[in-house]
Amino acid sequence: MFGLLLGCFYAAVSLGLSVAFGLLDVPHVAHPALLIVGSYGAYLLGGWGIDPLVAGILLMPVFFLIGMLLYRFYYETFESRGSAAGVNGLAFFFGTAFIIEVLLIVGFGVDQRSVSAAYIGVSLQLGDYRIPYRLIVAAGVALLLTFVLTLFFSRTFIGRAIKAVGQDEGALRLMGADPVKVKQLAFGIATAVNALAGAMLIIVSPVDPTMDRIYIGRAFCVVVLAGMGSMSGTLVAGLILGVAESIVLTMFGASWATAVAFGLLLLMLGIRPHGLFGR
Amino acid sequence: MENILEVKSLGKNFGGFAALSEVNLSIRKGERLGLIGPNGSGKTTLINCISGALQNDQGSIHFQGESIVHLPAHARTRRGIARSFQLPRPFRSMSVLENLMVPLAYVGGVSGAKARNQALEILAEMGLADKAESSSASLSQVELRKMELARAMAAKPQLLISDEAMAGLSGSEVDDVLDILIDLNKSGITIIMIEHIMHAVMRFSERLVCLDAGQIICDGDPQTVVANPQVHRAYLGD
Amino acid sequence: MKYWIVSALALLLAIALALSGANEYIFFAGFVVLQAIVLATAWNILGGYAGYVNFGVPGFVGVGAYTALAMHLLFQAPILVQILAGAVLAGVLGLGVGLLTLRLRGIFFSIATIAVVFILEAIVMNTRFLGGATGLQLTRPALAWGFDSYTRMLFVAMTAMAILAVSVARYIQNSHIGQGLQAVRDSEEAAECSGVPTLKLKLIACAISGAMLGIAGAPLPMYLSYVEPASTFNLHYAVIALAMPIIGGTSHWAGPLIGALILGSLQQIVTVTVSSELNVLVVGVLLVVFVVAAPDGVIGLIKKWKTSSK
């Protein structure tokens, strides 16, 4: 049960990456670092008495802009240059993630930070089980996000344009849409989602600056497991990971649990790289 | 005269979409074959399957009597199949000469001064001798196309597949490239040409094959194929 | 020929220095820079020559270190055997990751390398024999060959390994294999169609790169007389192994060397004068700056300056 709720949360964390990497093919290894920035943002706003969930929502427009700018920069510097862009693009995001981590350490120290809210620390009693409210809240928001995004990508024009741009830029151009602007928008959305996910992260557990490393594993694991660009697939994949981690946690202990995401990732790459639901 | 290439019942699927189905094609040694068909008909997929860039799902491919379906692309090149790409793919960090040295080394096993001389010879035939030391990233479109062909030639193929080598070129540039291909064929190389520029195709081909929606709809003498109503419908729609 | 003379002189110099009474700090700083040269050069064989980015350098360093440790614990193996064993296992790891992911796009290889680090760290942390999460203290055998301390002896060993690494990179670059890898990096498809066996070459690069990363880690147990997972599988190794070739220049064997010397010296200066957190930040910032503004590194800048001043 715990695993399922955790899984929902993992799905939410990975949704942004599913868009940025799954749909747009951007090697965005800095995604989890931005997630942690979102968490710290919620922490800062929490210092002014703002509920973390609200903080997450407030941060979304800011992150949206950051995402747009980041993509624009990435595109101008790398994608338009062609060939060796692969190595340099990856190195760029990796370097950026590293810089973010170090700046967070310099700014906030290496200790863990957490927030408080009405629903943190209390649990729901269901028969023999005690389910922490904060997990329910996180899972709930995650489900909502998944639902909204799935609708967005299948019903709205912009959403479908984003899905199309990953597959066939030329066709999109013919339809009168500028692929670069569409991708920029998509990246902005992905980063905005990250803000909310980051707020949820700090609701669920304390945060420290080095957490982006393990979330690289979890987020990429979910995205690869799901198959590139499938929103609902991301939810299912997140659930699988959540359950798998919980099982390993109870059976083998915490030090193995963190390796589960990475192990699952390698397994998927070896057996079925296009994921469970991928195209 | 024996067949240099035998393609039987070739099929290739992408997800649920059949890009090629039941394609049968036999090519005689030394033939000049034109491959035409509307966009999306499967021409590039077909040559990708022949050259090894893609693995076919059904059917067989025999080159000079030997089955090649299990061979990776580089092994097929070593056996004698070379291709040029629709969008030229130069080795950008190398000079034009160095670009040719790669297949000379990896297919022909030739390196050093001997390779340089052979490369210069090929470049001279293409009219690119003066660009030998220039960076391949600095070439013009037509020069890039010629280098693509030169590089394919450096692999000393028996079968050369030219994928829209003339797209986007001016009239005289088209004739330039066409002359090169005709000369190459005269020296014994079988050539499959994919092209949309009809006058070039007509001038070049001994035989024309038309593809539509993954299947061959017409195969034979160029004049006959071009007059075929099915071919017209494929290009112009119903 | 010039190259070999310079290398031989460098090694002799290192030995002479180590046998003299010079300040211990030189050997400590020197070891760090030399190790960086090995890491950067090794990384570049796959990253610079072939275009596949390995983020999992700490994993390979760890394999080297822990294999050496195991050799010591099980067989009391001399240091050369430890290093060799570390190299072999790290090379096998490189080959394994390559086999798993090289048929996919480049980014999947990179992500797989990150995964390798965490999985290996988890394995080590759960293996009592290797010290688990808390690490292992070990007793080093008596010093051989007349050196005063392990720091000095390993300084010489690292010098030899740095020379070996750079020599291998230089050989590959100028060889058949280097030509093929360059083609793969520029356009893998065109390379295949030019007869280059791309998968085979990439796997060779993976194995050699992995093995060399392993030898950078193998001396660590003997050097520190203490091994623990957190510092062995340190992210720091990943960043410097990436930053140094990019700063120096990825297409030439001298690039990682230049990058390591520049960055290594810079790091020592910053750590001593400002702080060690800032030192780490400097590496990250320089990496991003170079990737964006000077992707061909210092060597690229020198080339540009030469051609423009003609």
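**Exercise 1. Determine how β4(B) and β5(B) pair, and place both strands in their sheet.**

Solution. Strand β4 of chain B, residues 58–63, is joined to β5(B) by two bridges in the antiparallel sense. Two strands are taken as paired if DSSP finds at least two bridges between them. Strands are DSSP runs of E of at least two residues, and helices are runs of H or I of at least four residues, numbered from the N terminus. This is a predicted model, in which local features need pLDDT of at least 70 and side-chain atom pairs count only at pLDDT 80 or more, while totals for chains, interfaces and linings use all residues. Residues are numbered from 1 along each chain as its sequence is written, and chains are lettered from A and ligands numbered from 1 in the order in which they are written.

Next, identify a bridge: H62(B) has S67(B) in β5(B) as its bridge partner. Then extend to the open sheet, whose four strands follow the order β2-β1-β4-β5 in chain B with antiparallel pairing. Its edge strands, each pairing on one side only, are β2 (17–28) and β5 (66–67) of chain B. Finally, add the helix: α1 (residues 43–51) of chain B packs on the sheet and touches β1 (3–14), β2 and β4 of chain B. Residues are in contact if their C-beta atoms, placed from the backbone, lie within 7 Å. The direction of α1 makes about 65° with that of β2(B); axes are lines fitted to C-alpha atoms, for helices over the stretch in contact, and angles run from 0 to 180 degrees between N-to-C directions.

**Exercise 2. Describe the side of chain A that touches chain C.**

Solution. Begin with the totals: 33 residues from chain A and 36 residues from chain C take part in the contact. On the side of chain A, the elements giving two or more residues are α4 (85–108), α9 (211–226) and α11 (254–271). Of these, α4(A) gives the most, with 14 residues. By class, the residues on this side are 21 nonpolar, eleven polar and one charged. Here Ala, Val, Leu, Ile, Met, Phe, Trp, Tyr, Cys and Pro count as nonpolar, Asp, Glu, Lys and Arg as charged, and the others, Gly among them, as polar.

**Exercise 3. Is V224(A) buried or exposed?**

Solution. Locate the residue first: V224(A) is in helix α9 of chain A. Then count its surroundings: 29 other C-beta atoms lie within 10 Å, so V224(A) is buried. The cut-offs are 20 or more such atoms for buried, 12 or fewer for exposed, and partly exposed in between, with C-beta atoms placed from the backbone. Lastly, list its contacts: leaving aside residues up to four places away in sequence, V224(A) touches L265(A), M268(A), L269(A) and G275(A).

Methods. Two residues are in contact if their C-beta atoms, placed from the backbone, lie within 7 Å.
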